[in-house]
Every structure is written in C-alpha cells, then in structure tokens.
Amino acid sequence: MIANTAAQTHVFDTPEQLAQQAADWIVGRASKSRTRFALCLSGGDTPQRLYELLATPPYRVRMPWDRTHCFWGDERVVPHDGPLSNFHMAWQALLQHVPIPAENIHAIPTEQTSPAAGAAAYATTLKRFYGGDTLEAGRPLFDLVLLGLGEDGHIASLFPGSPALAETERWAVPVVGETPPDRITLTYPVLASSKVIAFLVAGERKRNALARVRAGDLALPASRLQTAGAIHWFIDRAAAATPALSGA
Ligand code: 6PG
C-alpha cells in the first residue's frame with residue numbers, strides 16, 4: 001500500500017516551483033536512462049505547467065526525445081482535439097513543441113466504437129510495447145508514471161467505489177457512467193508496473209485527500225496502489241499543510 005512504501009517527499013512553496021523541480025527531476029531521470037524511456041503521463045490540470053516547462057529550452061534540450069515513449073494513465077472518451085482530452089492538453093502544452101517521433105506517442109484511442117474497444121486496443125498497444133502479455137516482477141513496463149490526486153482520492157480514472165478498482169487481469173478498462181465523460185483507465189497492476197511513480201499534488205483542495213492517502217486510508221483509491229517501484233511526492237505547501245508533511 002502506498003502508505004507503507006518508503007516514499008520521498010518534495011515540498012515546494014508554490015505550484016510553479018513544484019513544476020520546475022519536477023521538470024528538472026524528470027529530465028535528470030530520462031537522460032540517465034540508457035535505452036528507451038517509457039513515460040506515463042497524467043491528465044488533469046496539475047501537470048499542465050510541468051508539461052509546458054518540459055517544452056522550454058532548458059529542459060527540452062536535455063530530454064532524450066528520440067527514445068522517449070509517452071503513454072497516458074487515463075483518458076476521457078472525447079475527440080483528441082477536444083478541450084477535455086488529456087491527450088489534447090499534453091499535445092498543446094508539450095508534445096507539439098518537442099522532437100519526439102510520432103510513433104513514440106501512444107495516445108489512448110477514443111475514436112473507437114466504444115470505450116471497451118478503446119481500452120482493449122490500448123491494452124494491445126501496451127503489451128506490444130512491453131513485449132509480453134503478462135507483467136513480470138522486476139521488469140516494469142514504465143520508467144516513470146505521473147499521477148495526480150483527485151479530491152476524492154482517485155488516481156487516473158480509478159474512482160472510489162468503481163468496479164475498475166478490483167481489476168487485476170485487464171491492463172486497461174472502460175469507466176462508463178461514473179464520472180462524465182466516460183473514460184478509459186489503466187488498472188492498478190499496470191500503473192504499479194513502473195520503476196518510479198511520481199505524484200503531483202497542489203492546492204488546498206487536495207489537503208484532505210493527501211493526508212488520508214499518506215495515512216493509509218484504504219477508502220481512497222490512491223492508497224491501494226501497490227508498487228515495487230519508488231514513490232515520489234511532489235507537493236506544494238497548500239496541499240501539504242499538516243505539520244507532519246510541511247516539515248514545520
Ligand atoms: C484526469 C486525471 C485525473 C487527475 C485528477 C487530479 O483525467 O482527470 O488523470 O486522475 O489526475 O483528477 O486532477 P487535477 O490535477 O485537475 O486536480
């Protein structure tokens with residue numbers, strides 16, 4: 001469980017500092033990797049500034065875009081050029097500005113017949129990239145997974161009470177009729193199959209969920225993520241405002 005996993009916590013005064021330090025940290029990790037760097041992006045608002053920074057010269061030139069592969073932890077089932085699309089946000093903020101090969105951008109398909117078909121197609125994409133149908137301990141799929149945290153403690157599109165929380169076989173599942181618009185999300189085993197997982201959490205409205213997750217409250221989906229990988233929390237003071245976390 002997340003609460004029992006040794007985690008490194010990075011607390012920053014402002015969301016801007018958080019984004020800058022996270023950008024520096026990501027570039028540092030990617031440039032140290034020798035082969036391909038599999039990066040699983042998060043949706044939502046919090047990572048947008050980080051993506052914008054990764055597209056700026058000091059970071060862009062240090063990132064090994066030629067061998068970086070981008071995936072998504074979840075997607076809203078809307079057209080990729082729509083304002084609610086996680087792909088659209090990352091494309092606008094980052095991907096259209098950097099020399100990443102088009103074939104290295106693995107968007108979650110939303111133009112398929114149904115969310116279930118999109119989820120199945122994405123699972124196939126992930127398995128092809130991984131080179132197998134079964135995740136192996138000690139051979140993580142991703143080098144880095146970025147996750148936001150919802151006020152209700154959700155991660156990706158794994159929402160409280162969702163049947164998707166219990167999924168252990170499928171790599172991606174549809175999330176229909178829960179939080180509109182419908183979504184496609186990676187499941188716990190796939191999100192957990194990473195060398196490192198970095199949570200990006202900013203703002204007072206996340207304070208309660210963050211404190212509960214770090215206390216191991218299993219009612220929150222984020223708390224139930226089990227990973228052999230390292231965990232890093234990038235948080236700002238507004239979200240961290242409990243004595244234990246803010247180093248007061
Ligand atoms: C999404 C995200 C979701 C997000 C949280 C936090 O598709 O919305 O993947 O899990 O990370 O909802 O969102 P904010 O960063 O906007 O607060």
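**Ligand, strand β2 and helix α5**

Biologist: How close does an oxygen atom of the ligand come to an N or O atom in the side chain of T46?

Modeller: An oxygen atom of the ligand is 2.5 Å from an N or O atom in the side chain of T46, and this is called a polar contact because that term covers a pair of N or O atoms within 3.5 Å, with the further condition, within protein, that one can donate a hydrogen and the other accept it, and that residues adjacent in sequence count only if both atoms are side-chain atoms. The model is predicted, with local features needing pLDDT of at least 70 and side-chain atom pairs pLDDT 80 or more, while totals for chains, interfaces and linings use all residues. Residues are numbered from 1 along each chain as its sequence is written, and side-chain values use heavy atoms, without hydrogens and water.

Biologist: Which other side chains have an N or O atom at a stated distance from a ligand oxygen?

Modeller: For N86 the distance to an oxygen atom of the ligand is 2.9 Å, and for S42 it is 3.5 Å.

Biologist: What makes strand β2 largely enclosed by the rest of the structure?

Modeller: In β2 (residues 37-41), a DSSP run of E with at least two residues, 5 of the 5 residues are buried, so the strand is largely enclosed; buried means under 20% relative accessible area, against over 50% for exposed and in between for partly exposed, with a 1.4 Å probe and protein chains only. F37, L39 and L41 point one way, whereas A38 and C40 point the other.

Biologist: How do you know that β2 pairs with β3 and β5, and in which sense?

Modeller: Two strands pair if DSSP finds at least two bridges between them; β2 has 5 bridges to β3 (residues 68-72), running parallel, and 2 to β5 (residues 142-147), also in the parallel sense. C40 stands opposite F71 in β3, and L39 opposite L144 in β5.

Biologist: Why are the buried residues of helix α5 said to line one face?

Modeller: The buried residues of α5 (residues 115-130) are P115, G118, A119, Y122, A123, L126, F129 and Y130. Seen down the axis of α5, they fall within an arc of 140°, judged by the directions from the axis to the C-beta atoms, so they line one face.

Biologist: Why is Y130 called buried?

Modeller: Y130, which lies in helix α5, has a relative accessible area of 4% and is therefore buried. Contact meaning heavy atoms within 4.5 Å, Y130 touches residues including R36, L135 and W171, not counting residues up to four places away in sequence.

How values were computed. Helix = DSSP H or I, 4+ residues; strand = E, 2+ residues; numbered from the N terminus. Expected span 1.5 Å × (residues − 1).
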